[in-house]
Amino acid sequence: MGSLMLLFVETTRNSSACIFPVILNELSSTVETITHFPEVKDGECVFPFHYKNGTYYDCIKSKARHKWCSLNKTYAGYWKFCSAEDFANCVFPFWYRRLIYWECTDDGEAFGKKWCSLTKNFNKDQIWKYCE
C-alpha cells in the first residue's frame with residue numbers, strides 16, 4: 001500500500017500563506033478540508049450558497065460567534081460576517097398552500113408571528129424567515 005501526500009494552505013492575517021504537507025495512508029478515512037481565508041469586509045453575500053452538505057438562503061452561524069455568509073455560490077473560503085443589510089430578503093410574491101402572498105403572513109404560524117418565504121415556492125422549498 002502506498003501513501004498519499006496532500007498540501008494544506010493556511011493564510012495568516014497579513015495574507016502570507018503557509019503550506020503544510022500531510023501524508024495519509026491510502027486506507028485512512030477521507031479527510032474533509034475546507035479552506036478559510038480572512039474575512040472580506042467589503043464583499044457581498046451570495047444567496048443561496050452551498051457549504052459542506054447544505055444549501056443556505058440566509059446568513060448562518062456555523063462554527064462562529066456571529067452569523068456569516070459566503071461570497072461565492074459554492075463556498076470557496078471567501079466569507080464575511082453579516083451586517084443588517086446582508087440578511088436574505090423575503091421573496092414576493094410567494095406560493096404557500098393554495099394562495100399567493102404579496103406580503104408577510106401569519107397563516108400557518110402557531111404563535112401568530114408574521115413570516116415570509118425566501119423562495120418563490122414555499123410549498124416546494126420550505127425556506128422561510130420571520131418578518132421584522
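Two residues are taken to be in contact when heavy atoms of theirs lie within 4.5 Å. In the predicted model described here, residues 24 or more positions apart account for 38% of the contacts in the protein with a separation of 6 or more. The protein has 132 residues, of which buried residues make up 26%. Its secondary structure consists of 1 helix and 10 strands, and from the N terminus on the order of these elements is β-β-β-β-β-β-β-β-β-α-β, with the helix placed between the ninth strand and the tenth.

Confidence in the prediction varies along the chain. The average pLDDT of the protein is 80, and 74% of the residues score at least 70. Over residues 1-31, however, pLDDT stays under 50, although the model has 40 contacts beyond four places in sequence for this stretch. Where pLDDT is low, the predicted coordinates should not be read in detail.

The largest nonpolar core has 11 residues, namely C45, F49, Y51, C59, I60, W68, C69, L71, Y75, W79 and C82. Two strands, β3 (49-51) and β5 (68-70), each supply at least two residues of this core. Apart from this core lies another, of 8 residues, with Y96, Y101, C104 and C116 among them. Within the largest core, the surroundings of I60 can be described in some detail: when its neighbours within four places in sequence are left aside, I60 is in contact with F49, Y51, H66, K67 and W68.

Aromatic side chains form a further set of interactions, and the count of aromatic pairs comes to 17. One of these pairs joins W79 and F81, whose rings are arranged edge-to-face, at 4.9 Å centre to centre and with 85 degrees between the planes. W79, a member of the largest nonpolar core, counts as buried because its relative accessibility is 15%, whereas F81, at 32% relative accessibility, counts as partly exposed. In another pair, the rings of W115 and W128 have their centres 6.4 Å apart and their planes at 80 degrees, so that this pair is likewise edge-to-face. The pair formed by W115 and W128 links distant parts of the chain, since W115 belongs to strand β9 (residues 115-117) and W128 to strand β10 (residues 128-130), 13 residues apart. W115 is buried, with a relative accessible area of 5%, while W128, at 40% relative accessibility, counts as partly exposed.

Both tryptophans of this second pair also belong to one aromatic cluster, which is formed by F92, F94, Y96, Y101, W115, F122, W128 and Y130. Y96 and Y101, which take part in this cluster, are also among the residues of the 8-residue core. A charged side chain is found at the cluster member Y130, where K113 lies over the face of the ring, at 4.5 Å from the ring centre.

Side chains of opposite charge can pair when their charged atoms come close. The structure holds 2 salt bridges. In one of them, the side chains of D86 and K80 meet with an N to O distance of 3.1 Å; D86 counts as buried, at 12% relative accessibility, and K80 counts as buried as well, at 8%. In the other, the side chains of D125 and K124 meet with an N to O distance of 3.8 Å, and here D125 is partly exposed, with a relative accessible area of 25%, while K124 is exposed, with a relative accessible area of 66%.

The backbone shows several departures from the usual geometry. Most residues other than glycine have a negative phi, and most peptide bonds are trans. A cis peptide bond joins F47 and P48, with omega at about -10 degrees, and P48 is found in the loop between β2 (17-25) and β3. A further cis peptide bond, also with omega at about -10 degrees, joins F92 and P93, where P93 has its place in the loop between β6 (79-81) and β7 (94-96). Although K52 is not a glycine, its phi is positive, at about 55 degrees; K52 lies in the loop between β3 and β4 (54-56) and, at 41% relative accessibility, counts as partly exposed. Q126 likewise has a positive phi of about 55 degrees without being a glycine, and Q126 is found in the loop between α1 (122-125) and β10, where it is exposed, with a relative accessible area of 51%.

Conventions: Residues numbered from 1 in each chain as written. Heavy atoms only, no water. Core = buried A, V, L, I, M, F, W, Y, C linked by side-chain atoms within 4.5 Å. Buried < 20%, exposed > 50% of the residue type's maximum accessible area, 1.4 Å probe, protein only. Helix = DSSP H or I, 4+ residues; strand = E, 2+ residues; numbered from the N terminus. Phe/Tyr/Trp six-rings, centres within 6.5 Å; stacked < 30°, edge-to-face > 60°. Lys NZ or Arg CZ within 6 Å of the ring centre and 35° of its normal. Salt bridge = Lys/Arg side-chain N within 4 Å of Asp/Glu carboxyl O. pLDDT = per-residue confidence, 0-100.
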